[in-house]
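Hi,

Here is the structure I promised to pass on. Have a look, and then read on for what turned up in it.

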Amino acid sequence: MNREEILKALQEVHYPGLERSIVDLKVVESVTEENGKPIVTLSMQNDEAFEVLESRLDALFGGEVEIRRKASTQKKSINYGDTANPNNRAPYAKKVIAVTSGKGGVGKSTVSVNLAVALAQKGFAVGLLDADVYGPNIPRMTRTAHETLRWNENDRIVPSENFGIKIMSVGLTTPAPDTPLVWRSSVAVSALIQFLEDVEWGELDFLVIDMPPGTGDIQLTMAQELPIAAGVIVTTPQPVALDDVSRAIMMFKDINVPIGGLVENMSFFIAPDTKKRYDIFGEGGGEATAQKYGIPFLGKIPLDMQIRAFSDEGTPPVAMGDKEQKGYYKRIVDNLLAQIL
Ligand code: ADP
């Protein structure tokens, strides 16, 4: 049999349990020849499915064709790297920025979105991955909540796009925005790795990841699977939030993630009517924490009713806000770029 005949025959073979051809699914890695014997190499993760296919193909070709499995197919399974020398699941991104916080509700997602959009406004190619499995609200904040997972003809996941950035969220894996993601952390980790590997991000200057809050499995795995160029830590200024943020800082240090800096969100309140500034939580807490741990202080964002409204309506303040609102995020991005470029 020649190569064309073999490929034609393979075109008719379905992946076990699916109605789709193994050629269309790109399971057929190559059709080659060694010492006159044709060799079909399959790239497959699933051991059982490989065995089924192997025996189907043996029967189909009457043993005339050797069936092999691509040696490196195990790469995709979770093969935990080492945080000091991590794997690189996102070779398409020049720099990965991981945004995290000590606890939820401090504005970590808002900062992630505005940071990503501000980087795109500077002309960089930016992807935003919502890895916050506990509160995936990037779709709402970028007005992509109506999107569902889509695959292109190469079986790659197509990211949503808005405000000049590519966006993918674990939230898109649920049928409705309010469906909880009830995932064990091992499942969450595999889903995130799939998003790193199987989303058609294209070439990126920056991949911004909105991490879950706290110091858990997912943070650790991301640090093992990606060379993170900068961890950005978001906090509010109250002492309780600062205690939690200290743990996040210590964790990044322990797992060798370079810290890009600390952002203090909801720092002070500007009354919308009088424009008077109120330091509700006292002043200087974020700066003092940054200083204590020897990390850069990237900037402050006030507690602003419009920032809340813009964010929750899916119009990021750095794109749609007034000059002052844009300025808070732009300064933070400039300070961050000074650290990592
Ligand atoms: P996290 O990701 O830390 O859980 P979010 O970014 O989802 O926090 O923000 C929580 C809520 O606070 C959202 O409703 C958001 O619009 C609001 N918010 C975030 N930053 C500000 C701010 N600077 N001023 C006012 N509201 C804010």
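How far does a polar side-chain atom of Asn137 lie from an oxygen atom of the ligand? The distance is 3.2 Å, which fits the definition of a polar contact used here (a pair of N or O atoms within 3.5 Å).

Before the rest, some ground rules. This is a predicted model, where local features need pLDDT of at least 70 and side-chain atom pairs count only at pLDDT 80 or more, while totals for chains, interfaces and linings use all residues. Residues are numbered from 1 along each chain as its sequence is written, and side-chain values use heavy atoms, with hydrogens and water left out.

Back to the ligand. Ser109 also has a polar side-chain atom by a ligand oxygen atom, at 2.8 Å, and Asn265 has one 2.9 Å from a ligand nitrogen atom. The protein covers 86% of the 560 Å² of accessible area that the ligand has on its own (Shrake-Rupley method, 1.4 Å probe). The ligand is surrounded by 19 residues, with Gly105, Ser109, Thr110, Pro302 and Asp312 the closest; to count, a residue needs a heavy atom within 4 Å of the ligand. Helix H9 (305-312) gives the most to this shell, 4 residues. At least two residues each also come from helix H3 (108-121), strand S10 and strand S12 (297-303). Helices (H or I, at least four residues) and strands (E, at least two) are DSSP runs, numbered from the N terminus.

Next, helix H2, residues 47-61. Ala49, Phe50, Leu53, Leu57 and Phe61 are its buried residues (under 20% relative accessible area; exposed is over 50%, partly exposed in between; 1.4 Å probe, protein chains only). Why do they line one face of the helix? Seen down the axis of H2, they fall within an arc of 95°, so they share one face (the arc is that of the directions from the helix axis to the C-beta atoms). Glu48, Glu51 and Ala59 are exposed on the face turned away from that buried side. Cover for the buried residues includes helix H1 (3-11), strand S2 (37-42) and strand S3 (66-69), with contact meaning heavy atoms within 4.5 Å. After H2 comes Gly62, with a positive phi near 55°.

Finally, helix H7, residues 239-254. Its buried residues include Leu242, Asp244, Ile249 and Phe252. Among the elements that the buried residues of H7 pack against are strand S4 (93-101), strand S10 (259-270) and helix H8 (285-293). Just after H7, Asn256 takes a positive phi of about 65°.

Cheers

How values were computed: The expected span of a helix is 1.5 Å times one less than its number of residues. A polar contact is a pair of N or O atoms within 3.5 Å; within protein, one must be able to donate a hydrogen and the other to accept it, and residues adjacent in sequence count only if both atoms are side-chain atoms.
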